[in-house]
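Dear colleague,

Please find the structure below for your examination. My notes on a pocket and on one loop residue follow it.

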Amino acid sequence: MNDRLVLNEIDYALDILRDIVEVKRSKNLGYAPTIHKWITVKTGARVALWGQVTGHPERIEQDVMTSPLFYIDPEAGYARTRSRWYWLGKPLRDENDQSHEAMVFGPDSVEVPLEEAISDTRMIPSLLLIQVEILGDEHRSERVREIQKQWLK
């Protein structure tokens, strides 16, 4: 992958992280589709949501697996994926129900506990900072550090 493409992806991720910080502060995510009967799913190292979507701008009204998850706050009732915000409807599983078998979605996608998904998304700014520092980009490193200061507030 060439450096310009990597930098574009880093800038896109930074924009998403800044958006998350702003929504956490303002509590206003504007219009967003709702995902019902949702679970968290891991494909390789990426976490996503799977569930029934209503109100999607592309008129998708079916079961979907979202783009990679960047942030999820079940108490606030919303999540941010790579492509958009979602309101969280009722989850598929009761948070205290540990008696079920994990759902499997093909050879490399499996349901994971919500706590694992939350933990994975909380690491995104740190992982992004490592990537930026490997590239030696001090300007972007500083931007990530500023986001990190606000990330877990």
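A polar contact is a pair of N or O atoms within 3.5 Å; within protein, one must be able to donate a hydrogen and the other to accept it, and residues adjacent in sequence count only if both atoms are side-chain atoms. This is a predicted model, in which local features need pLDDT of at least 70 and side-chain atom pairs count only at pLDDT 80 or more, while totals for chains, interfaces and linings use all residues. Residues are numbered from 1 along each chain as its sequence is written, and side-chain values use heavy atoms, with hydrogens and water left out.

Asp137 lies in the loop between α3 and α4 (138-151); helices are DSSP runs (H or I, at least four residues), strands likewise (E, at least two), numbered from the N terminus. A polar atom of the Asp137 side chain is 3.3 Å from the backbone nitrogen of His139. Asp137 counts as buried because its relative accessibility is 15%, the limit being under 20% relative accessible area with a 1.4 Å probe, protein chains only. Beyond neighbours within four places in sequence, Asp137 is in contact with Leu7 and Val132 (heavy atoms within 4.5 Å). Between Asp137 and Leu7 there are 9.5 Å, C-alpha to C-alpha, although they are 130 residues apart in sequence.

The second largest pocket (an open set of points on a 1 Å grid over the protein atoms alone where a 1.4 Å probe fits, with protein on both sides within 12 Å along at least five of seven lines; lining residues have an atom within 4 Å of a point) is lined by 20 residues. Nearest its centre lie Arg46, Pro68, Phe70, Ile124 and Leu127. The largest share of this lining, five residues, comes from α1.

Yours sincerely

Key
Buried < 20%, exposed > 50% of the residue type's maximum accessible area, 1.4 Å probe, protein only.
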